[in-house]
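Welcome, and please open the structure in your viewer. We will go from one selection to the next and see what is there.

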Amino acid sequence: MMMMMMKPYNNTIHLLGHLNSSLPFPHKFNYVKHYYCVRSQSEVGWDSDKPGYDGLIEVANQLMVKTPNNAETVEASVRILRSLFPPFLLELFKMLVAPLGRGKVAAIMVARVTALSCQWLMGSCKVNSIVLPDGSTWKTGVLVEKCKYLEESKCVGICINTCKLPTQAFINDYMGVPLVMEPDFSDYSCQFKFGVHPPINEEDKTLSEPCLAICPTATRRRELRTANELQCPKL
C-alpha cells in the first residue's frame, strides 16, 4: 500500500496492466458471451442458445423486452457489468487511482483499456483527444468508428438502455471516472469522453433520437404487448 502511494506513476502503469489482464474481453469472446448470458439469465430468467455475437444480441433484446421499464433495464445492465470484475479491483481503482492528477490519470487509463479490450464488442476504435468543459484538452477519448453493437442490434433503445446509460453509470459510480458517451445514429459512430460528466437526461440529445426504421425491438414489443404500449422502448 505504501509503495503504491510513494510511486503512483509506476504502480498506475502496473495496475493498468493488471486491469487489462483481468478484463475477460480480449480474445475471450466465447467466455464473455457465455458469462454475460448466465448473468442475464439471472436478471430476466432466460438464456440464449445462439453462439457468438448473435447470442449476445439476442440476450440484449430479451433484456429490453422482459424488464418492466427502462430504469430496471439500466440497473440490470450495471449489475452485469459489475459481475465481470473482481469487486476488490473496482474498489482499489476508485480509492487509489481515481483521485490521482484530479482524475486525469484514471481517465487516461480507462480510455486506453477500453480501446484495447472492447473492439470485439464495438468494432474498430482508437484513443483520441477531447476538450473538457474548462477548455483543457485531455487524451481521454475513445472514438468508435462504427459500433458493431448498434449495427447488429439495429435499436436505439438497446444502445441507450443496455450500453450508454449503464456504462456511464458503472464507470462513474464504481470506478470513479466521469464518462459521457455520444452515439451518432446516422453513421453508428460513438465518442467516449472519459473525465466529462454526462448531461442530465432532460438535456441529453441522444435520448430524444427517434427509433431506427429497422428496429427489431419495436416489432417484438408489438407481438407481446397491447396497442397502447407501443411507444419506443427507450422513452
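Start by selecting Phe 85, Phe 170 and Tyr 174, which ring pairs link into a cluster. Keep in mind along the way that this is a predicted model. A search of the whole structure finds 3 aromatic pairs. Take Phe 85 and Phe 170: their ring centres are 5.4 Å apart and their planes meet at 40 degrees, so this pair is tilted. The two rings join distant parts of the chain, with Phe 85 in the loop between α5 (70-83) and α6, and Phe 170 in helix α10, 85 residues apart. Are these two residues buried or exposed? Both Phe 85 and Phe 170 are buried.

Now zoom out and show the whole protein chain as a cartoon. You should find 11 helices and 4 strands. Of the 235 residues in the chain, 49% are buried. Switch on the surface: the accessible area comes to about 12000 Å², and carbon and sulfur atoms account for 55% of that.

Next, go inside. The largest nonpolar core has 54 residues, and Phe 93, Tyr 149, Ile 171, Val 177, Phe 192 and Phe 194 are those with the most contacts inside it. Which helix gives the largest share of this core? Select helix α10 (residues 156-175), which contributes 9 residues. Then centre on Ile 171; leaving aside neighbours within four places in sequence, Ile 171 is in contact with Val 110, Gly 176, Val 177, Leu 179 and Phe 194.

Back on the outside, select Phe 88, Leu 92 and Met 95. These three form a nonpolar patch on the surface, with about 290 Å² of accessible area together. Met 95 sits in helix α6 (residues 87-97).

The last stops are the salt bridges, and the structure holds 3 of them.

- Select Lys 164 and Asp 204, whose side chains meet at 3.1 Å, N to O. Lys 164 lies in helix α10 and Asp 204 in the loop between β4 (189-194) and α11 (216-224), so the pair ties together parts 40 residues apart in sequence. Lys 164 and Asp 204 are both buried.
- Select Glu 182 and Lys 193, a salt bridge at 3.3 Å, N to O. Glu 182 belongs to strand β3 (residues 179-184) and Lys 193 to strand β4, so this pair ties together parts 11 residues apart in sequence. Glu 182 counts as partly exposed, at 35% relative accessibility.
- Select Lys 146 and Glu 151, which form a salt bridge at 3.4 Å, N to O. Lys 146 is partly exposed at 44% relative accessibility, and Glu 151 is partly exposed at 31%.

How values were computed: Residues numbered from 1 in each chain as written. Predicted model: local features only at pLDDT ≥ 70, side-chain atom pairs only at ≥ 80, totals over all residues. Heavy atoms only, no water. Core = buried A, V, L, I, M, F, W, Y, C linked by side-chain atoms within 4.5 Å. Buried < 20%, exposed > 50% of the residue type's maximum accessible area, 1.4 Å probe, protein only. Helix = DSSP H or I, 4+ residues; strand = E, 2+ residues; numbered from the N terminus. Contact = heavy atoms within 4.5 Å. Patch = residues over 30% accessible without salt bridge, like charges linked within 9 Å, V, L, I, M, F, W, Y side chains within 5 Å. Areas by Shrake-Rupley, 256 points an atom, 1.4 Å probe, with all protein chains shown as cover. Salt bridge = Lys/Arg side-chain N within 4 Å of Asp/Glu carboxyl O. Phe/Tyr/Trp six-rings, centres within 6.5 Å; stacked < 30°, edge-to-face > 60°.
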